[in-house]
Amino acid sequence: MIITRRAFTAALSLTGLAALAGFSPFHLISEALADDASAVAQPQQLPDMALGPKDAPVTITEYASMTCPHCAAFNENVFPKIKAAYIDTGKIRYVFREFPLDIKAAAGSMLSRCIAKDDAAKYFAVTDLLFKQQADWVMKNTTETLTRIGKQAGLSQSQVEACLKDQALLDKIVADQKYASDVLKVDSTPTFFINGEKIKGETSFEEFDKRIKALLKS
């Protein structure tokens, strides 16, 4: 599901988040195979948030929504094992990309970007925090809870408000989501690409381990 201008604006009004202006036009998107590693690796509107060496022989790209419970479960149960076994040892590169399924997810992603700026490690830490506190900020007062998290990370009240009103940032998140949907055929979260091969849904560490080891041997 792509966040449309009408749905986004209406939902922001209902949740207490600032109403946003219209989206900028999207560039035409060229056709590409969904399992083509080069299509996954194409530069996005937003800089990739990634851990691990750029020249790693294996790259995993995750598309996730901050309000997705399956994404939160993967973040808690599987990602730490992948990180310990393969990212921290420099064997793979792990890229996290936003694919918001609703307005609250988009707001969470915007806050992560604003807090982290260009610091990938900080971005992953904030994203981890948002996933762990998902029930609080998704089910309760979204604006109030995101503001609290932003302040805990060092942002002021005005900086949080400016972040959640940042039209240019939102446009880029939506443009990247549209690319993922139109070109890579991502239609649910989490969705993963391992060197271009798509895996849909919450996946076990054992499955990742098997695929990563096979690619490292090849």
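These notebook entries record what I looked up in a predicted model, beginning with its aromatic pairs and ending with two single residues.

**Entry 1: aromatic pairs**

I first asked how many aromatic pairs the structure holds. I found twelve. I then took up two of them in turn, noting that a pair of aromatic rings is described by the distance of the centres and the angle of the planes.

**Entry 2: F74 and F208**

I looked up the rings of F74 and F208, and their centres are 5.7 Å apart. Their planes stand at 50 degrees; stacked pairs need an angle under 30 degrees and edge-to-face pairs one over 60, so I entered this pair as tilted. I next located the two partners in the chain. F74 belongs to helix α3 (residues 69-77) and F208 to helix α11 (residues 205-217). With their positions 134 residues apart, I noted that the pair links distant parts of the chain. Are F74 and F208 buried or exposed? I recorded F74 as buried, and F208 likewise.

**Entry 3: F79 and Y94**

I turned to the rings of F79 and Y94, where the centres lie 4.9 Å apart. The planes meet at 65 degrees, so I classed the pair as edge-to-face, the cut-off being over 60. F79 is in helix α4 (residues 79-87), whereas Y94 is in strand β3 (residues 92-98). The two are 15 residues apart, and this pair too links distant parts of the chain. I recorded both F79 and Y94 as buried.

**Entry 4: the cluster and a charge**

I asked which residues form one aromatic cluster with F79 and Y94. The other members are F96, Y123, F124 and F131. I then looked at Y123 and found the charged end of R113 over its ring, 5.3 Å from the ring centre.

**Entry 5: S112**

I found S112 in helix α5 (residues 103-116). Its relative accessible area is 0%, so I entered S112 as buried. Setting aside residues up to four places away in sequence, I listed Y123, V126, T127 and L130 as the residues that S112 touches. Y123 thus appears in this list and in the aromatic cluster.

**Entry 6: V40**

I located V40 in helix α2 (residues 37-40). V40 has a relative accessible area of 5%; buried means under 20%, so I recorded V40 as buried. Which residues is V40 in contact with, leaving aside its neighbours within four places in sequence? I noted T61, R97, L184, F193 and G196. For T61 I also looked up the spacing: V40 and T61 are 21 residues apart in sequence, and their C-alpha atoms are 7.8 Å apart in space.

Note on methods:
Residues numbered from 1 in each chain as written. Predicted model: local features only at pLDDT ≥ 70, side-chain atom pairs only at ≥ 80, totals over all residues. Heavy atoms only, no water. Phe/Tyr/Trp six-rings, centres within 6.5 Å; stacked < 30°, edge-to-face > 60°. Helix = DSSP H or I, 4+ residues; strand = E, 2+ residues; numbered from the N terminus. Buried < 20%, exposed > 50% of the residue type's maximum accessible area, 1.4 Å probe, protein only. Lys NZ or Arg CZ within 6 Å of the ring centre and 35° of its normal. Contact = heavy atoms within 4.5 Å.
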